[in-house]
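Reader: I would like to practise reading a model, from its ligand site to its sheets. Could you walk me through it?

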Amino acid sequence: MSVVELEAKQPSSELKPYRSLDNAVLAERIRAVKARLGKQLLILGHHYQQDEVIALADLTGDSYQLSQMAAANTECRQIAFCGVHFMAETADMLVNRPERLAERNGLRVPVVLPDMAAGCSMADMAGIEQVENAWSELGEVIDTGDITPVTYINSAASLKAFCGRHGGIVCTSSNAAAVLKWAFARRSRVLFFPDQHLGRNTAFQMGVPLTQMPVWNPHAEELGGNTVEAIRDSKVLLWQGHCSVHAVFKPEHVDLFRNKYPGIKVLVHPECSREVVAMADVFGSTGKIIREVEAAPPGTKWVIGTELHLVNRLKKEHPEQEIHFLSPFVCMCATMYRIDLAHLCWSLENLEAGTPVNIVRVDDETTRWSLAALERMLDVK
Ligand code: SF4
């Protein structure tokens, strides 16, 4: 579902009275709902959320970690996911997977996304119809039985299910290398969705030459804009998707900080371009970025290339270090930023009143195949 369609589902008239309240009042009302519902309610806050939301979350983390923690919680009966749409889908699939439903005598735990327009531009770049078309086009020039489709967790449930149906797998930014190794042990080629940068950075580090990583443009007339020879010679076919937040960081930003602050360490997320990752001292997942800063001695100077809210929070939590943001421009995840206290309060009060809004529910068939791809990932050591 596109962000525009999602937006249309949101009754702005109902939200209007909440929008006129200030954050202190909204926070008080949210705390009151939390106190009344107790452990039945679980609020999940993604690392990239604004501070006001994080302050009210029961658990914070990255997308897959939050879904796993929610699935391990046996007391909660309602979940509000302060993240983006694909994250709420993953939580719904893990929390309401068949064995967990059986343990709860069939009782579903609804997963609410406080603002249905909180999508992910990267996930939207790999629509399932485009993916199906690419697969059949590829089948005309190579054996698709010899391709493992791999999708980053930052993708729609329909794409995860596609991977599940075709013997493929899901990866996160922390296990992408292990997942690619798993894939190459089974088949000779990988089709990597939807983030070309994570795919390229990971495969390049594993020794796959850039010349064997053509990019598949879903808008191109034929073969994703590639020649038959390039497709036949490929090891990793990269879907042409990217994160608009991490695409902002450029090599000249790295030069700028290195010139201004000699000895500064550059720490970036693998969703950044190959050029930026190649210049960095360290690159890794959100979890790795946090751990690197936590483990560094006082006085360490960092410039960090990831979402602004997380970098600002690290700055606040580590005043003993000097932390800069790797861009002269403000760049934050605009869709995640849509989850504000007005939306959170509105959705929680409706949840409590028994008139839930914005429930994200993945159908059974999609869940089944997505879980197949997710479970293969869990088996990768
Ligand atoms: S930071 Fe990028 S990948 Fe993450 S939710 Fe926002 S747009 Fe999507």
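Reader: Which residues come nearest to the ligand?

Author: In this predicted model, 13 residues surround the ligand, and those that come nearest are Cys120, Met122, Cys243, Val245 and Cys333.

Reader: How does the shell around the ligand divide into nonpolar, polar and charged residues?

Author: Eight residues of the shell are nonpolar, four are polar and one is charged.

Reader: And where does the ligand lie relative to domain 1 and domain 2?

Author: The ligand lies between them, because domain 1 (3–119 + 335–361) and domain 2 (122–243) both contribute residues to its shell.

Reader: Let's turn to strands. What holds the strands of a sheet together?

Author: Strands of a sheet pair through backbone hydrogen bonds, in either the parallel or the antiparallel sense. Take strand S12 (residues 301–305) here. Over four bridges, S12 pairs in the parallel sense with strand S10 (residues 265–268), and valine 268 stands opposite glycine 305. S12 also pairs with strand S13 (residues 322–325), again parallel and over four bridges; here valine 303 faces histidine 324. Between S12 and S13 the chain passes through helix H17 (residues 308–317), in a right-handed β-α-β crossover.

Reader: Why is S12 largely enclosed by the rest of the structure?

Author: Four of its five residues are buried, so S12 is largely enclosed.

Reader: In what order do the strands of the five-stranded open sheet run?

Author: The order is S6-S5-S7-S9-S8, with parallel pairing. Strand S6 (169–171) and strand S8 (215–216) are the edges, each pairing on one side only. Within this sheet, three bridges join S7 (residues 189–193) to S9 (residues 236–239), and valine 190 stands opposite valine 236.

How values were computed. Residues are numbered from 1 along each chain as its sequence is written. This is a predicted model: local features need pLDDT of at least 70, side-chain atom pairs count only at pLDDT 80 or more; totals for chains, interfaces and linings use all residues. A residue is near a molecule or strand if its C-beta atom, placed from the backbone, lies within 6 Å of it. Ala, Val, Leu, Ile, Met, Phe, Trp, Tyr, Cys and Pro count as nonpolar, Asp, Glu, Lys and Arg as charged, and the others, Gly among them, as polar. Domain bounds come from an automatic or database domain assignment. A residue is buried if 20 or more other C-beta atoms lie within 10 Å of its own, exposed if 12 or fewer, and partly exposed in between; C-beta atoms are placed from the backbone. Helices (H or I, at least four residues) and strands (E, at least two) are DSSP runs, numbered from the N terminus. Two strands pair if DSSP finds at least two bridges between them. A crossover is right-handed if, with the strands pointing away from the viewer, the path from the first strand over the helix to the second runs clockwise.
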